[in-house]
Every structure is written in C-alpha cells, then in structure tokens.
Amino acid sequence: MPWDRNQMAARAAQELEDGMYVNLGIGIPTLVANYVGDKDITLQSENGMLGMGPFPIEGDEDADLINAGKQTITELDRTAYFDSAMSFGMIRGGKIAAAILGAMEVGENGDLANWMIPGKLVKGMGGAMDLVAGVGRVIVVMDHTNKHGESKVLKSCTLPLTGKGVVNRIITNLGVLDVVEGGLRLVECADGVTEEELRAATEATLV
Amino acid sequence: MKKVYGSAAEALEGVLSDGMLIASGGFGLCGIPELLLQAIKENGAKNLTFASNNAGVDDFGIGILLQTRQVKKMISSYVGENAEFMRQYLSGELELEFNPQGTLAERMRAGGCGIPGFYTKTGVGTVIADGKEVKTFNGEEYILEEGIFADLSIVKAWKADETGNLIFRKTARNFNPPAAMCGKVCIVEVEEIVPTGSLDPDMIHLPGIYVHRIIQGEHEKRIEQRTVRQREG
C-alpha cells in the first residue's frame, strides 16, 4: 500500500532534527507539524513569524495572526514577529534549516516546478522561489504521479521552474528519493511498495 | 509639523494623483490599509500601479479598486484569491508583474534605503531571470533586481504617536514597514493614535521619520481563512 497523506507527512517529519528552524508549505507539508513529536522544532511562517502555534480554539481567532496560507493560527512562548523584508532575509540568508513543500514536477537534476501551469490560472509564486533558493535543505512531498497516472518525477521538468537544481530529497506516496550526481537515488520504498512499482512510476533516471 | 489628519480622504489631499506608483502594506487581507484603499476608491484616481504582495479579494482590499478600473498594473507575488483580477488580467485590461515575495519585500526595503539595485539568488534559472543581469559571486549566479521608489506608500499599523512612530501587531506587520520606507510620501492608518511620549522608545517598530501623515479609524480586519481546532478534553 502506498503511503497516504498522513504517512507521507510522518515520513517527512523524520527529516527534521532537534533545534531546526523550518518552513512548511501549504497542503501535505502543513501536516508535518503533527508528527514532530518531542523534537524541538521552530516553524517559520514567511509572512513574518517564528514559532508558529496550532489553529486557535473557536472564538480565539485573531485577524492579525495568520500563517502564509492566510489561515488563523496562534503564537507560542517563543514566538517572534518581524516584517517581510527580514523574514525573507532569514530565508535568503540561509538561516532556515529546511523547507518542506509540495510540487507539480521534480526533475532528476533537482529542478522544481510548483507555481504555474501556462494557459491555466496563474496565481503566482508567493515565497516559493525565495525559499528554494535560500534554505539549507529542500524536501519535496508530493504524490508520485498525477491524476492521469503520469510520473511527476521526471528527467526534466516541463512546467516553468520555481528553482533550478534546488531539491535535495523527494518524499512521495511510493517512497523516498535523493537528488544525486547523475539522477535520483532510491532511499526507501513505502511499506508494501516494491522497488519495481516505484521504478515503473518514475520517469527520472534512478542511479 | 502636524502629521495627524482627520480622515483618509483628507490625508490623500494634494498627494494622490493619476498614474502614481503606490506601495501598499499587507499580506492577504491581514494588515492592509483598508481605510486608505476605500478613500482612493472614492477619490477616483486612475491608472494606478500598486506594488503590493496580493490584490485583495473581489470586495475587499485592492480588489475594490479593480472593480472601479482604477488599477493599471500590479506588482505582486500571489494574486490567487481574486476572480475579478484574473478576469481583467486574462482579458489584457490589467498588467501584472510577478515578483517572488522576498524579492518584492527587498525591492521595497532597498528603495527606502536608497539602494537602486541588489543581486539575489531567488529566481535564477526561472522566467523571473529573463532579461535581468546575471552576475557570479563566489561561483554562484545571482540576478540583479531593482529597488522600488514609490510615489506614495499606504500602510496600516496598530498604534502611532503624533510624530508617526509606529507599532504593528503580530503578523499584521508583514509588508507594512518596507512599503512605508519606499515611498516619497507615506500615509499610515492606525487603530489608535496615542500621545507622543506614551510609547516606549525601545519598542518602536518603525520610526516616525518614514511617516508623513497619520489617520485613525475603525477597521473591519476581515479574516480570509478562519481555521480553528476543537477544545481539548
């Protein structure tokens, strides 16, 4: 059985180490926060906050306290607020240890596409280009194939790039892959997924 | 010099005109200068360019100026919450320049600091780099981005004193300080103007040197995505 959303998030949480400052993207990456356990992780929200807390109890919502997905959230004892220039200063400056984010396509050279589909609705890149250019480690969490069953793990991205050669590790519903010299290296398969199945769903070169 | 004005309309008098480049604070609907945007709508100034991270929603934020066709161009990082924006953009009525969010913030900050250009890794190898100078530092490529020098800044803070020293609240700070810094004239709207001397000078987020006009008013502060959790136990 391939991993479900929560199992992918749980696997991604294993990438995080005590003391890390981390930025989580929208979607499955947001769920990673539920699986960090006892590890001392500080979450950054790029609209200007370190130490992001959980959603508020109903009635405690504060219009002045949202995350980068525009959802109401809460603060923690360690929370600090700052402006957008400083927020992206710490991102671009390499102070954020890791970003976990979703993707439409990943290339075997570490290229990432996750911000636009030409001819369809164009929403914008938000902070994704800055994050992948600046943080220490970029971990992509996504389904291995799209809804037509086509691989999203490609030799070369077809969509406009978010970043060139920026991805370090890919966690999909089928397993975990690392971007290495010459292609992707299989790290592990999801429980009950065979290497054959993973290879069949992968267009990229596995080395 | 008197900085406190009676209303948003009054504060815009003699400052707002057609064709201006306006830098606006806010992220989504959080910390947006909603009173000044409403007053710009009522003023009717046209052909405006906005440097603003987002374009609001259809009936709030910059969205209200799209409905009245007062906006010629947006410089933004994400505009996905606004159907009218999409319609005008896809039909060619509205120009759009996408900037990565950090590049936009730094362009504003740089403009406010007298820095006309800076090099960044963000966007290297993407369409954002098209037509931009590439320079190599320590073996890595960077692209040249330009500072934003706006004609007018409109921002929202929590509190101001009468000299324009500002305090923001939580994540409503976001783009407001860099937007405030990059304008020739900066108008700020606050929830409360307090007597000069009552703010702790060590706790000022943005000093009044960046602020030219101040208004106080009631804010709707709309929430875009209300997310909550169950009370435990």
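**B:Glu84 in helix α4 of chain B counts as buried at 17% relative accessibility.** Its partner B:Arg87, at 36%, counts as partly exposed; buried means under 20% relative accessible area, exposed over 50%, and partly exposed in between (1.4 Å probe, protein chains only). This is a predicted model, in which local features need pLDDT of at least 70 and side-chain atom pairs count only at pLDDT 80 or more, whereas totals for chains, interfaces and linings use all residues. Residues are numbered from 1 along each chain as its sequence is written, chains are lettered from A and ligands numbered from 1 in the order in which they are written, and side-chain values use heavy atoms, with hydrogens and water left out. B:Glu84 and B:Arg87 form a salt bridge whose closest N and O atoms are 3.3 Å apart; the term denotes a side-chain nitrogen of Lys or Arg within 4 Å of a carboxyl oxygen of Asp or Glu. An α-helix has 3.6 residues a turn, so residues three or four places apart point the same way. B:Glu84 and B:Arg87 are three residues apart in α4, about one turn of the helix. Helices (H or I, at least four residues) and strands (E, at least two) are DSSP runs, numbered from the N terminus.

**A salt bridge of 3.0 Å (N to O) links the side chains of A:Glu188 and A:Arg11.** A:Glu188 belongs to strand β12 and A:Arg11 to helix α1 of chain A, so the pair ties together parts that are 177 residues apart in sequence. A:Arg11 counts as buried at 7% relative accessibility, and A:Glu188 counts as partly exposed at 27%. Over all chains, the structure holds 29 salt bridges.

**Helix α1 of chain A, residues 5–13, has A:Met8, A:Ala9, A:Arg11, A:Ala12 and A:Ala13 as its buried residues.** These buried residues pack against α2 (28–31), β5 (98–101), β8 (137–141), β10 (169–171), β11 (175–180) and β12 (183–189) of chain A. At the N-terminal end of α1(A), A:Asp4 acts as a cap, with a side-chain oxygen 3.1 Å from the backbone nitrogen of A:Asn6.

**A:Thr42 is located in strand β2 of chain A, residues 42–45.** With a relative accessibility of 8%, A:Thr42 counts as buried. The side chain of A:Thr42 is joined to that of A:Arg78 by a polar contact of 2.7 Å; such a contact is a pair of N or O atoms within 3.5 Å where, within protein, one must be able to donate a hydrogen and the other to accept it, and residues adjacent in sequence count only if both atoms are side-chain atoms. Apart from neighbours within four places in sequence, A:Thr42 is in contact (heavy atoms within 4.5 Å) with A:Met20, A:Tyr21, A:Val22, A:Leu50, A:Gly51 and A:Arg78.

**B:Lys3 lies in the segment before α1 (8–12) of chain B.** B:Lys3 is buried yet has no salt bridge, and the nearest side chain of opposite charge, that of B:Asp161, is 7.4 Å away. Lys and Arg count as positive and Asp and Glu as negative; His and the chain ends are not counted. A polar atom of the B:Lys3 side chain lies 3.0 Å from the backbone oxygen of B:Thr163. Neighbours within four places in sequence being left aside, the residues in contact with B:Lys3 are B:Glu162, B:Thr163, B:Gly164, B:Gly208, B:Val211, B:His212, B:Arg213 and B:Ile214.

**B:Arg169 and A:Asp62 form a salt bridge, with their closest N and O atoms 2.6 Å apart.** B:Arg169 lies in the loop between β9 (166–167) and α6 of chain B and A:Asp62 in the loop between β3 (49–52) and β4 (75–81) of chain A, so the pair joins two chains. B:Arg169 is partly exposed, with a relative accessible area of 23%, whereas A:Asp62 is buried, with 16%. The side chain of B:Arg169 also meets that of A:Asp64 in a salt bridge of 2.8 Å, N to O.

**At the interface, 49 residues of chain B are in contact with 44 residues of chain A.** The two chains bury about 4,100 Å² between them, with 61% of it on carbon and sulfur atoms. In chain B, the residues that lose the most area to chain A are B:Lys170, B:Thr171 and B:Arg229, together 16% of what that side buries. Buried area is the accessible area (1.4 Å probe) that two parts lose on being put together, summed over both. Six salt bridges are found across this interface, and 26 residue pairs, both at pLDDT 80 or more, are in polar contact between the chains. The elements giving two or more residues to the side of chain B that touches chain A are α4 (83–90), α5 (101–112) and α6 (176–181) of chain B. The largest share of that side, six residues, comes from α5(B).
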